[in-house]
Amino acid sequence: MPSAKSKFISKYRNIIMSLFRYIKITKYRVERGVAVLPLVIISSFIILVIGTAVAFVTFFENQSAFSARKAGEALVAAQAGVNDALQKIVYNRAYSGSYDLTVNSASSTVTVSKDVDCAGAFMGKTFTVNSLGSAQNRQRKIRAVISADCDSGQVAVVSMREIEI
């Protein structure tokens with residue numbers, strides 16, 4: 001006569017066999033997933049590094065373009081200061097001094113100095129104009145030499161150049 005144990009085994013044999021097959025398949029799937037995990041981690045790290053590099057390059061390119069634009073604005077402000085000083089000299093040949101000029105969001109500090117007086121050896125006046133243009137943290141400086149004839153009243157720019165700061 002079969003024992004209770006053998007009856008249980010024969011009755012549930014198919015269930016137990018399918019359970020063992022499931023455990024084998026699941027074990028294979030888990031091992032396969034563990035093998036893919038390092039690949040996923042490494043590829044995620046590479047994507048993160050590339051993304052960070054792109055972000056830094058974009059940031060520094062924007063900073064460079066912004067700095068170049070502000071340097072251009074400072075140069076325009078310096079040129080405007082020279083032009084304004086030229087007008088002041090045309091209207092008043094005895095003019096000398098310093099003043100500030102605002103051009104849009106930039107500013108210019110203009111200094112006008114007389115080099116030779118009308119009573120001097122030359123029959124005219126020579127002015128030196130220094131204009132320092134500033135736009136945020138960027139600065140550019142222009143120096144112009146302007147001559148004014150006392151007899152004819154003609155005013156001319158002798159030279160104008162950018163000076164290293």
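Mentor: Welcome! Strands are DSSP runs of at least two residues, numbered from the N terminus. Keep in mind that this model is predicted.

Trainee: Thanks! Which strand holds aspartate 149?

Mentor: Look for the run that covers residues 138-149. Aspartate 149 belongs to that run, and its name is strand S4.

Trainee: Is aspartate 149 buried, partly exposed or exposed?

Mentor: Buried means under 20% relative accessible area, and exposed means over 50%. Aspartate 149 has 29% relative accessibility, so this residue counts as partly exposed.

Trainee: How far apart in space are aspartate 149 and arginine 93?

Mentor: In sequence, 56 residues separate aspartate 149 from arginine 93. From C-alpha to C-alpha, their separation in space is 9.2 Å.

Trainee: Now for the rings! How are the planes of phenylalanine 56 and phenylalanine 60 arranged, stacked or edge-to-face?

Mentor: Both residues lie in helix H1, 4 residues apart, which is about one turn of the helix. Planes under 30 degrees apart count as stacked. The count comes to 3 aromatic pairs. In the pair of phenylalanine 56 and phenylalanine 60, the centres are 6.3 Å apart and the planes differ by 15°, making the pair stacked.

Trainee: And what kind of pair do phenylalanine 59 and phenylalanine 60 form?

Mentor: Their ring centres are 5.2 Å apart. An angle over 60 degrees counts as edge-to-face. The planes here meet at 70°, so the pair is edge-to-face.

Trainee: Which ring does the charged end of lysine 88 sit over?

Mentor: A charge over a ring must have its Lys NZ within 6 Å of the ring centre. For lysine 88 the distance is 4.8 Å, and the ring belongs to tyrosine 99.

Methods. Residues are numbered from 1 along each chain as its sequence is written. This is a predicted model: local features need pLDDT of at least 70, side-chain atom pairs count only at pLDDT 80 or more; totals for chains, interfaces and linings use all residues. Side-chain values use heavy atoms; hydrogens and water are left out. Buried means under 20% relative accessible area, exposed over 50%, partly exposed in between (1.4 Å probe, protein chains only). Rings of Phe, Tyr and Trp (its six-membered ring) pair if their centres lie within 6.5 Å; planes under 30 degrees apart count as stacked, over 60 as edge-to-face and the rest as tilted. A charge sits over a ring if NZ of Lys or CZ of Arg is within 6 Å of the ring centre and within 35 degrees of the ring normal.
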